[in-house]
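Notebook open, model loaded. I'll go helix by helix and jot down what I look up.

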Amino acid sequence: MVDAGLIYWEMGKKEQGIAWYRKAAELGNPTGQCNLGISYLQDVNCAADPPNTKEAIAWLYKASVAGHVRAQYQLALCWHQGRVLNQNVQEAARWYLRAAEGGYVRAMYNTSLGYSFGEGLVQSQRLARQWMKKAADRGHSKAQFEHGLGVFSEGEMMKAVIYLKLATRAGETAAAHVKNVIVQQLSTISHDRAMHLANNWHAIPSTR
């Protein structure tokens with residue numbers, strides 16, 4: 001049912017897609033609940049016209065409680081952005097952290113920012129660095145850039161070059177300039193080693 005809903009949604013037949021998501025959701029399927037909730041939030045011309053945001057949040061919450069990490073992340077966004085729910089950074093941070101702990105890489109990045117700035121979480125640079133590294137190691141390009149800057153500030157130039165190279169490859173253009181500046185300070189051996197490690201790097205599997 002979820003697959004059928006996705007096929008219809010991608011074909012532009014959104015009402016049929018939502019109908020199948022709803023069937024799965026009502027049977028208790030967390031992915032169906034998550035997709036149904038997101039569908040209501042995303043499409044202004046869906047079957048619930050205007051979008052039924054209250055019902056969208058209810059379905060996202062059901063899926064989140066069941067441990068669906070994408071739903072947890074989407075619910076956190078709703079709390080964080082304040083467009084669907086009244087803004088509540090504590091609730092947002094709580095669900096970001098749940099999703100991060102479940103392996104959702106975007107939530108890892110946002111959790112790092114929460115710890116870094118004390119937004120919804122008790123400020124902790126140690127935990128901020130830990131979550132930023134987790135996100136970077138799982139392929140989040142902005143996390144790779146920021147973690148690269150972080151390890152450079154701690155004097156670990158070769159590690160910095162590796163992460164900045166990965167960020168550059170993923171499209172973070174600002175990382176290339178910083179990397180080039182650091183490279184000039186490395187020996188040829190260290191530079192070649194860093195490039196080898198970056199070229200043979202593989203992301204740790206994660207839930208997007």
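**Entry 1: a helix and its cover**

I started with α5 and looked for what covers its buried residues: α3, α4, α6 and α7 are included in that cover. For my own record, helices (H or I, at least four residues) and strands (E, at least two) are DSSP runs numbered from the N terminus, contact means heavy atoms within 4.5 Å, and buried means under 20% relative accessible area, exposed over 50% and partly exposed in between (1.4 Å probe, protein chains only). I should also note that this is a predicted model, where local features need pLDDT of at least 70 and side-chain atom pairs count only at pLDDT 80 or more, while totals for chains, interfaces and linings use all residues. Residues are numbered from 1 along each chain as its sequence is written, and side-chain values use heavy atoms, with hydrogens and water left out.

The buried set of α5 is V69, A71, Q72, Y73, Q74, L75, A76, L77 and C78. I checked the length too: the 13 residues of α5 should span 18 Å at 1.5 Å a residue (times one less than the number of residues), and the end C-alpha atoms are 18 Å apart, so the two agree. After α5 comes G82, with a positive phi near 70°.

**Entry 2: the whole protein**

I stepped back and counted 12 helices and zero strands. The C-alpha trace spans about 60 × 40 × 25 Å along its principal axes. Of the 208 residues, 42% count as buried. Taking contacts between residues at least 6 apart in sequence, 48% join residues at least 24 apart.

**Entry 3: cores**

I looked for nonpolar cores, meaning sets of buried Ala, Val, Leu, Ile, Met, Phe, Trp, Tyr and Cys residues joined through side-chain atoms within 4.5 Å. The largest has 34 residues, and L60 and Y73 have the most contacts inside it. At least two residues of this core come from each of α3 (30–42), α4 (53–65), α5 (69–81), α6 (89–101), α7 (105–117) and α8 (125–137). Another core, of 15 residues, lies apart from it and has V151, V161, L166 and A194 among its members.

What does L60 touch, leaving aside neighbours within four places in sequence? I get Q33, C34, G37, I38, L41, A71, Q74, L75 and C78.

From the other core I picked A194, which sits in helix α12 (residues 188–199). A194 is buried at 0% relative accessible area. Its contacts, not counting residues up to four places away, are M158, V161 and I162. The C-alpha atoms of A194 and V161 are 6.6 Å apart, with their positions 33 residues apart along the chain.

**Entry 4: cysteines**

Using a cut-off of 2.5 Å between two cysteine sulfur atoms, I found zero disulfides. Why is C78 unpaired? Its sulfur is 10 Å from the closest cysteine sulfur, in C34, which is too far for a bond. C34 is buried at 0% and C78 at 6%.

**Entry 5: α9**

Helix α9 (residues 141–153) has 13 residues and reaches 19 Å from first C-alpha to last, close to the 18 Å expected. Buried here are S141, A143, Q144, F145, H147, G148 and V151. Their cover includes α7, α8, α10 (157–169) and α11 (173–183). Just after α9, G155 takes a positive phi of about 90°.

**Entry 6: salt bridges**

My search (a side-chain nitrogen of Lys or Arg within 4 Å of a carboxyl oxygen of Asp or Glu) turned up six salt bridges in the whole structure. R129 and E154 meet at 3.7 Å, N to O. R129 lies in helix α8 and E154 in the loop between α9 and α10, so this pair ties together parts 25 residues apart in sequence. R129 is partly exposed at 44%, and E154 is partly exposed at 45%.

D137 and K133 pair at 2.6 Å, N to O. Both lie in helix α8, four residues apart, about one turn. Buried or exposed? D137 is buried at 12%, whereas K133 is partly exposed at 37%. D137 also touches Y163, W201, A203 and I204, not counting residues up to four places away.

E156 and K159 form another bridge, at 3.2 Å. Last, I noted a salt-bridge network linking R22, E26 and E55.
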